[in-house]
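Student: I'd like to learn how to read a model like this one, feature by feature. Could you walk me through it?

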Amino acid sequence: MSASPVTLMVARRVEHGRYSDFNRWLNEGRELAADFAGYLGSGVLAPPADDDEYQIIFRFSSSETLAAWEHSASRHAWLTRGKGLYEAPHEHRATGLDAWFQTGTSAPPRWKQAVAVWLAFFPISLIFQFVFGGVLADWALLPRVVVSTLMLTPVMVFVFIPLSMRLLAPWLQGKWSPLDLLARWRHAQRS
């Protein structure tokens, strides 16, 4: 079993017309998971306008704590209440930082992972500094770093890094490259 944090990623395609019921049910499940030891948080990525597949992320401190939640009677009852709201889910488990990048059988190269994390972290850090930088400027270094990392880490882990991974998925999976964009631009210039 793992002593590293474990991420359970579940894709659920919502039955047509059941979106509000699905969202209520999903929030109930997230509240349920929060009552379990080892729960680190969860997030939901809504589908783009032309799709109906939600990405739900649950994070636990270890494989053991995730298993306790997964095999609990309350989770099974919650899943039973959700029948008819979604099609059969696709689940994927991953540990450590690779959890964000795992697509199919392998994670993308580390340099692509670094770029994707930086693209998520830079704008949020910039906004944070713009909003709170003046307030924190007079603080000593250690408290300033503690406060900023305490505020930014959850936002990054549960919102912006998963969003960056979703938006950059074709590039991370090698299905798209910046050269494709350049080729399209050149083609448009010729037309």
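Student: Let's start with aromatic residues. Which residues form one aromatic cluster here?

Tutor: In this predicted model, the cluster is made up of F22, W25, Y54, W78 and Y86. Individual ring pairs can be listed too, and a search of the whole structure gives 11 aromatic pairs.

Student: Which of those pairs are stacked, for example?

Tutor: To call a pair stacked, look for planes under 30 degrees apart. F60 and W69 qualify, with 5.3 Å centre to centre and 25° between the planes. Both F60 and W69 are buried. W118 and F122 are another stacked pair, at 5.0 Å centre to centre and 20° between the planes.

Student: Where do W118 and F122 lie?

Tutor: They sit in helix α5, residues 110–136, four residues apart, which is about one turn of the helix.

Student: Are W118 and F122 buried or partly exposed?

Tutor: Here the cut-offs help: buried is under 20% relative accessible area and exposed is over 50%, with partly exposed in between. W118 has 49%, so this residue is partly exposed. F122 is partly exposed too, because its relative accessibility is 40%.

Student: Rings can also have a charge over the face. Which residue lies over the face of W69?

Tutor: That is R75, at 4.5 Å from the ring centre. You can find another case at W171, where K112 lies over the face at 5.0 Å from the ring centre.

Student: Now the nonpolar core. What is the general idea?

Tutor: In soluble globular proteins, nonpolar side chains tend to be buried together. In this model, the largest nonpolar core has 19 residues, and F22, W25, F58 and W69 are those with the most contacts inside it. At least two residues of this core come from each of β1 (6–13), α1 (19–34), β3 (53–60), α2 (63–70) and α3 (73–81).

Student: Which element gives the most to this core?

Tutor: α1 does, with five residues. There is also a second, separate core of 11 residues, and A116, F128, M165 and L172 are among them.

Student: W25 has come up twice now. What does W25 touch?

Tutor: Leaving out residues up to four places away in sequence, W25 touches R12, W78, L79, R81, G82, L85 and Y86.

Student: And α2, is it mostly covered or mostly open?

Tutor: α2 is mostly covered, as six of its eight residues are buried. Those buried residues are S63, T65, L66, A67, W69 and E70.

Student: Polar side chains can be buried as well, I see. How should I read one of those, say S42?

Tutor: Begin with its place, then its cover, then its partners. S42 is in strand β2, residues 39–45. S42 counts as buried because its relative accessibility is 10%. Its side chain makes a polar contact of 2.9 Å with the side chain of R30, and another of 2.8 Å joins the side chains of S42 and Y39. Not counting residues up to four places away in sequence, S42 touches R30, I57, F58 and F158.

Student: Let me try T7. Where is T7, and which side chain does T7 join in a polar contact?

Tutor: T7 is in strand β1, and a polar contact of 2.5 Å joins the side chains of T7 and R59. With a relative accessible area of 2%, T7 is buried.

Student: How far apart are the C-alpha atoms of V115 and L172?

Tutor: They are separated by 9.8 Å, while the two residues are 57 residues apart along the chain. V115 lies in helix α5 and is partly exposed, with a relative accessible area of 32%.

Student: Finally, the whole chain. How many helices and strands are there?

Tutor: There are eight helices and four strands, and from the N terminus on the order is β-α-β-β-α-α-β-α-α-α-α-α. Of the 191 residues of the chain, 35% count as buried. The chain exposes about 11,500 Å², of which carbon and sulfur atoms supply 63%. For contacts between residues at least 6 apart in sequence, 72% join residues at least 24 apart.

Note on methods:
Residues numbered from 1 in each chain as written. Predicted model: local features only at pLDDT ≥ 70, side-chain atom pairs only at ≥ 80, totals over all residues. Heavy atoms only, no water. Core = buried A, V, L, I, M, F, W, Y, C linked by side-chain atoms within 4.5 Å. Buried < 20%, exposed > 50% of the residue type's maximum accessible area, 1.4 Å probe, protein only. Contact = heavy atoms within 4.5 Å. Phe/Tyr/Trp six-rings, centres within 6.5 Å; stacked < 30°, edge-to-face > 60°. Lys NZ or Arg CZ within 6 Å of the ring centre and 35° of its normal. Polar contact = N/O pair within 3.5 Å; in protein donor to acceptor, adjacent residues only side chain to side chain. Areas by Shrake-Rupley, 256 points an atom, 1.4 Å probe, with all protein chains shown as cover.
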